[in-house]
Structures are given as C-alpha cells and as structure tokens.
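Reader: I am new to this structure and would be grateful for a close look at a single part of it. Please take one residue and its surroundings as the point of departure, and then connect that part to the rest of the chain.

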Amino acid sequence: MADNLSHKLIAAHLIEGSMVPGEEIALRMNQALLQDILGTLVMLELDAMGVERVHTSPSVQYIDHTLIQQDNINADAHLFLKSACERLGVWYSGPGNGISHPVHMERFGKPGDTLVGCDSHTTAAGALGMLAMGAGGIEVAMAMAGEPLFLPMPEIVGVELVGELPDWVSAKDVMLELLRRHGVAGFRNCILEYHGSGLDGLDAMDRHVLANMGTEMGATTSVFPSDEVTRRFLASRGREADWQPLAADPGCRYDCNEHIDLSRLEPLIALPSNPDKVVPVSEVAGEPVYQAYIGSSGNPGYRDFAVAAEIVKGRRVADGVSLDINPSTRRILAALIDEGHLGALIGAGARLHEPGCNGCIGMGQAPAAGRNSLRTVPRNFPGRSGTREDSVFLCSPETAAASALSGMITDPRTLDMPCPRPREPRDMAVGESMFVAPLPAEQARSVDLLATDNTPPLPALEPLPDAIDAPVLLKVGDNISTDDIMPAGARVLPIWSNIEASAAHTFETVDKGYVERARKRGAAGHVIVAGDNYGQGSSRENAALVPRFLGLQVVIARSIARIHWQNLPCFGVLPLSFADPADIERLEQGARLRIDELHSQLAQGREVIAALDDGESLTLHHELSSRQRAILAAGGVINWLNLPSQEAPA
C-alpha cells in the first residue's frame, strides 16, 4: 500500500501505540538538541533522575540565547552547561557558533533520524527529511535518558507546492501565505508534509524556513523528502555520506490536503502582534520604519543575508533606520565575508551582531517603544522583541532590505533593480574545532557540575489532590503565548533556571497582580481559565513549572497548544477543556470551583464534572492517557519516575 513519508518515519521509530490520529504513540529518539536557557533545566532534570550517561546520539548543547554578558550570570551558566555536557556525554557548541537549528543542520542533521529538542523550532530539521519535534525539557530529558517520546498521533497534511516563486518572493512569503490561510492554531496535532514539483526550486535552507515556522500554526512538525536538494546541501558541508533518499510513495494518501501555486504568491507581511495577521506588503506600504532586522532561525540561510546585501550594495539605508544583521551561524558569517556580502552590508550602514538568537528572543537589538520594526524572525508576540510597547512586523529579507533603504515599508517589487538571486558557495564545510566532543565515559564520571546561584535544585512538587477546591485567580483570552506566561528578554531570560527568582515575573505583561494573589493562596492551589490556543509559541517548560510552583493546579481552556498541553501534566498541572466552549462565560476571575473524586473521574472517561460556587455543575473534558494520569497523580514526571513501582530510565 502506498504510504506517505511521515507515516514511514513514524513506523520506523514506533515503540508503542497505534498510528491512529489522536491515539498516544511512543517514538524512539535518535538525536537530542538543547539550547542554553532551557537546556539548563534539562541538565538539572537529568541530575534529579540520576542519569549518568545519555542515550541519544548525538545529543548537542548549543549556547545561542544567553549571549549578552552584562554581568557574570550568563558566563557562569555556560560553564555549568559545559561541565554538564562533559559529565553526561553531550556535545557542546559554545557561544559564537550560532543558532542551534541551522548549526544542527550543518553539522549533525541526518535524513531518516528522529530528533527531539527543548525548543519549539527543532522542527526545522524536517527540512532534511528528519522527524524532528520540539518538546518540554522534561520530555527531552526522558528521551535522553533512554525513554521514548510520547505524543498524540498527528494527522498528516499533504502540502503540494507547484510552480516557481516569482521575482521578489521567497520562502518566508510561502509560510506567511499558510499563516494567512490557517492561523496560529490551524494545524494543531498535524504534520505538514511538503511534496510536489515546486520543491525543486526550494533549496535546503528555504525548506528550513518552512519547517521552522510550521510550529507557528501549531503543527507537531514538518517533513520534506530527502532528495537531490538534500544531497547537495550535505555534500557542501562535507557530509554526503549521511545522505539517503527518502520520499513518499507515488499515489499515497494524506488525512488533509493543501495546495499552493508558488507562481501566484506576492510579498506578504504579518502585522503586529501575531504571526497570522498577514496582509500583502502593498497594503501597508508607506508606513514608517525604525528598524529592519535580518536573521534568526526564521530566515537563517546564506541567501537570506546575501540577497539583502545585493539589494543595499552601493546604497545607504535611510536616516534613522537601524539595519540589524544577525548572522545565523559562524560558517555563514565566514561565507558572507569571503563573498564580499558582509562588506556591502556594512558599507550600506548595517549593524553587525554575533551569530545567535539575540533580538529574536529579546536579547539585544530591542526597538524603540512604539516604533515599527520589520523582522525576519518567526514570531512577533507582544514584548518578545525586548520592548514591551513594540510594533513588530514579520517579513522576508527582500521586504526588510527594501524598507531599510526607503525608510518606510516597501514592496520590494517596486525597487528599480533586477531581482537578485545569489547562490550559496559550493564549499560550506563545517569543521569540528569549535565543537567540544563528549568525554569518554570513564573520564566523565570524575566531572563535577559547576553549579551556580542560578542553578539550584528543582523545587519539590506535591501530588495533585483528589479533591480540588480553588478559585480562578486569572482569566485570559485567546492566543496567550508562553512569552506572556514567562517573559524572555535580557531582564528575565538569564534567570529562567532559577524557579524561585523567575516566579516574580510570571504573567507580568498580562496581569501584574497574579503573582501576589498566587503567593497568598500558596499550596491551597488555584485555577487559570483561558480562551483558544493557550500556551502557543515557545516550548519553554518553565511556563508550566513556574505557575505550578506558585500553586497552579488546573488550567481550563477552550483549547491548549500541543507542547504546553504536554508540559502541564509533566509538572502536575491538570489541563482541561470546556465540553461546551460557551461555558467559558460561566467562569470569571474570582469564581470558585470544586472537583471531587478527581482521579477516579479521570480514569472513568473523558468527562470531568466540577461544581461551581452557585451550586451549578460544569462539564469539562480531558485528553490524558493512562500514563499522563499516573504522572499527574504523582505530582509530575520526576516524582513518577522515582516511585518504587516505576522503573528508572534504562
């Protein structure tokens, strides 16, 4: 029977479960990717589990977020992570190597492998024919310890691309078109599998743009075939031996189908402050621009910088515009220097920054309050740039560069010049000198973790009680992101691994009084009520752990984004949805609800009945597996793993 590529990859790594959409499956993970801010928690979790040596290979720790060293906090964290890598058998990629996702593609990506990462954009590796997924750090730690990754079996959406991209239109516009059609939650619990004749015109890093940003629509991951484009990419990195052809069978079926004629696309732009507020660039042309930012994992390829360089070559950016160039990897920066593109950018007035995530996560390059910033990053949630009152647009490198020249939002098709089409150099080999390989096991045993004040042990969590009687301390609307729950930026991000310290910032941009109310309730517990797509965006598990530390017991929402939904029970928080979405109007902030015999209700079916303070009942719904129910009853994954009846990871 003809099968699609996603099913082939899942079947090759399936350990438990049935490949029926919605059923829980367990997958064997080959590789693991850690970034620094969440990797620190993963290392603390592995230590709490008593793991001596990781099982995923390669496992790689990247330093790409905590690059601003305004004091010792980030530098100390780098030393801690390096010592943890030495002790546990993990590769270490130090500061300056670049963003984890494109660096991993350059150095470690391998068609046919599975990859789990503590970053939602781990999905980018699907560009190489990998099955790559973001997850909460605790689930990544379990996979590294030899446990499978559990997730709901996704539906497979076939995305057929035909035709060729017109001049001045690139991969970012393809993704923005999908966001325009389907919104930020349109593909929850789905895999986007790209196919069709239009793939021939997209190189591996174009595909990276699409695979990276599929997560902005709630997708579990994105998958591309491993074809001649993939082979050329790996060959240019000196890694052709890792290539193998992978493709869907002719005539295979998908659960859903999507069709895009690339030739009919135009330059698009996402308005502040959500990735799906997409309009043609021509509709907002003429709006003033303060900043144009090129880089990030959302547009990390050589051509993304080179096309900007050719647009601005021999010209000057408009007065008052900051053109920020954020190279994605050390290797790409070196190629831009060798090919003369960096000189063209600097000559035009661009500002150069260290390879890394930087401004994408609010770690530097924050714009002035209320001024328009055009960025090639994957997200524009409010305040994510590092400026609370920001105005961030998402666009292609072509649109960003054209707008930097004019000082206003500009459709690049109106430029008086031929459309540049730069090609990546043939040799983009990445050496091993900037990576620290794992120590042999016998040496690793003697390494001590270089703990800091910001890497205290994880807090102990109590089991979820069988009777909950708690108030709604916070009610929020649709599309609350993990940035809203646990802010990033230079103020807060460096202390993420310190749960006590970071707790003070929880929901600070949404409701500054939440933390005080939660601390007053303490262990007595509380409830949060939310609209659709609660917890969208970053996979940061501290958006579940920190509210749990503050006493959160239950989240009731119209819908919850996949990774956050999985993170909540991992830390002993019960995720529920409304059986009737209109019932959200019955739960206002300050209301109280009671759930009796909770664990037996969870075990008996999908319904949970709660009593409200007006004496009426409320029917809620859960999607938890028996494994997740056991984790909840224990008070989280680490407690569950340490139960006498629960075997430790192999």
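Author: Setting aside neighbours within four places in sequence, L46 is in contact with V51, V54, L88, A141, M144 and A145 in this predicted model. L46 also belongs to the largest nonpolar core, which has 117 residues, and together with M43 and Y534 it touches the most other members. Helix 2 provides the largest share of this core, namely eight residues. Another core, of 54 residues, lies apart from it, and W91, A219, L265 and Y293 are among its members.

Helix 2 spans residues 36-49, and the loop between it and strand 4 (59-62) holds P58. The peptide bond that leads from S57 into P58 is cis, with omega near 0°. A second cis peptide bond, again with omega about 0°, joins P272 and S273. S273 is situated in the loop that runs between strand 13 (268-270) and strand 14 (278-280). As a general matter, most peptide bonds are trans, and most residues other than glycine have a negative phi.

Y293, named above as a member of the core of 54 residues, leads to strand 15. Five of the five residues of strand 15 are buried, so this strand is largely enclosed by the rest of the structure. In a regular strand the side chains alternate between the two faces of the sheet. Here both faces are covered: Q291, Y293 and G295 are buried on one side, and A292 and I294 are buried on the other. The chain passes from strand 15 through helix 10 to strand 16, forming a β-α-β crossover that is right-handed. Strand 15 and strand 16 (residues 322-326) pair in the parallel sense over five bridges, and within this pairing Y293 stands opposite D324. Strand 15 pairs with strand 18 (residues 372-375) as well, in the parallel sense and over three bridges. The bridge partner of A292 in strand 18 is L374.

The loop between strand 15 (291-295) and helix 10 (302-312) contains S296. What is the sign of phi at S296, a residue other than glycine? Phi of S296 is positive, near 90°. S296 is also buried, with a relative accessible area of 1%.

W168 likewise has a positive phi, near 70°, although it is a residue other than glycine. W168 is placed in the loop between strand 9 (155-162) and helix 6 (171-182). With a relative accessible area of 7%, W168 is buried.

Strand 9 itself includes V159. Is V159 buried or exposed? V159 counts as buried because its relative accessibility is 0%, under the 20% limit for that class. Leaving out residues up to four places away in sequence, V159 touches L192, E193, Y194, H195 and E258. V159 and R413 are 254 residues apart along the chain, and their C-alpha atoms are separated by 27 Å.

To return to the point of departure, L46 is in contact with V51 and V54, among others, and is one of the three residues named as touching the most other members of the core of 117 residues.

Methods
Residues are numbered from 1 along each chain as its sequence is written. This is a predicted model: local features need pLDDT of at least 70, side-chain atom pairs count only at pLDDT 80 or more; totals for chains, interfaces and linings use all residues. Side-chain values use heavy atoms; hydrogens and water are left out. Helices (H or I, at least four residues) and strands (E, at least two) are DSSP runs, numbered from the N terminus. Buried means under 20% relative accessible area, exposed over 50%, partly exposed in between (1.4 Å probe, protein chains only). Contact means heavy atoms within 4.5 Å. Two strands pair if DSSP finds at least two bridges between them. A crossover is right-handed if, with the strands pointing away from the viewer, the path from the first strand over the helix to the second runs clockwise. A nonpolar core is a set of buried Ala, Val, Leu, Ile, Met, Phe, Trp, Tyr and Cys residues joined through side-chain atoms within 4.5 Å.
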